[in-house]
Amino acid sequence: MAIVTESLYTQEQIKVWLRGLLTLAWADGAFDEDEKALITAITETELAPELDFEHFEPVTAAEVARVLGSDPAMAENFLRMAVMVALADGVYSVEEDAQIQALCQALNLQDTVLNSVRSTLYSLKPENAEVAAELRPATHGKIDPLKPAREWLDQLEVHDPRLARFVCKLIPSQCPFERDVVLFKKKLMHIPPMCKINPLYDQLVGLRFRALSYLADDCGEDVTALL
């Protein structure tokens, strides 16, 4: 029997949190009928029962700041998870970076660590290639330019079963096989062999493990289906 676990977050905070993560997942601007159907499917399940809108509405940085910005620790934890979502497909794009930087500014968080994530910056659109090159920091002489990002992301903890389930659905359980990320029979994104191309793959795997452990140990849930 599952344990009733009290979340650290209110229902409004979880609603905005999930909308923020989904906004990052579709930061490339593609939002077709299948993706709209996915959002509807999510709202009709236990994953996010209070997301009571018919069609998905991207969250704004100002809205995130209003709902999550009062607690610096919660705001930083949200930003860590947002970065994880942006990195889940192995590509940190200019479009995702712009949204994350806006969130960072709205939440009054330092972007020093995020600058190291920009070492992996890539442009999904040819017209943004020059922007990516300008934003990508110089790494000359640095043995591990992503070390600050790794240490920062490894501090992410999961304190809500809905967020934990989202993480387990988003991050694949195995590598190196490429796969489609599917939520409720709807394709969210395609992931190439992550261990080969994603320099922060270990952080993603670590987050998935912590989410599973939280669901199993703290919430008493059967996580067999998520393995």
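In this predicted model, D160 forms a salt bridge with R162, and their closest N and O atoms are 2.6 Å apart. Both residues of this pair, D160 and R162, are buried.

A search of the whole structure finds 6 salt bridges. The table lists some of them, including the pair just described.

| Acidic residue | Basic residue | Closest N to O distance |
|---|---|---|
| D160 | R162 | 2.6 Å |
| E221 | R165 | 2.5 Å |
| E76 | R80 | 3.7 Å |

The side chains of E221 and R165 meet in a salt bridge. This pair links distant parts of the chain: E221 lies in the segment after helix 11 and R165 in helix 9, 56 residues apart. E221 has a relative accessible area of 22% and is therefore partly exposed, whereas R165, at 19%, is buried. The two fall on either side of the cut-off, because buried means under 20% relative accessible area.

E76 and R80 form another salt bridge. They are 4 residues apart in helix 4, so about one helical turn separates them. E76 counts as partly exposed at 27% relative accessibility, while R80 counts as buried at 7%.

Helix 4 also matters for the nonpolar residues: it gives 11 residues to the largest nonpolar core, the largest share. That core has 59 residues, and W17 and L21 have the most contacts inside it. Among the other elements that give two or more residues to the core are helix 1 (11-25), helix 9 (161-170) and helix 11 (201-218). Leaving aside its neighbours within four places in sequence, L21 is in contact with F78, M81, A82, V85, L163 and F166. In soluble globular proteins, nonpolar side chains tend to be buried together.

Notes:
Residues are numbered from 1 along each chain as its sequence is written. This is a predicted model: local features need pLDDT of at least 70, side-chain atom pairs count only at pLDDT 80 or more; totals for chains, interfaces and linings use all residues. Side-chain values use heavy atoms; hydrogens and water are left out. A nonpolar core is a set of buried Ala, Val, Leu, Ile, Met, Phe, Trp, Tyr and Cys residues joined through side-chain atoms within 4.5 Å. Buried means under 20% relative accessible area, exposed over 50%, partly exposed in between (1.4 Å probe, protein chains only). Contact means heavy atoms within 4.5 Å. A salt bridge is a side-chain nitrogen of Lys or Arg within 4 Å of a carboxyl oxygen of Asp or Glu.
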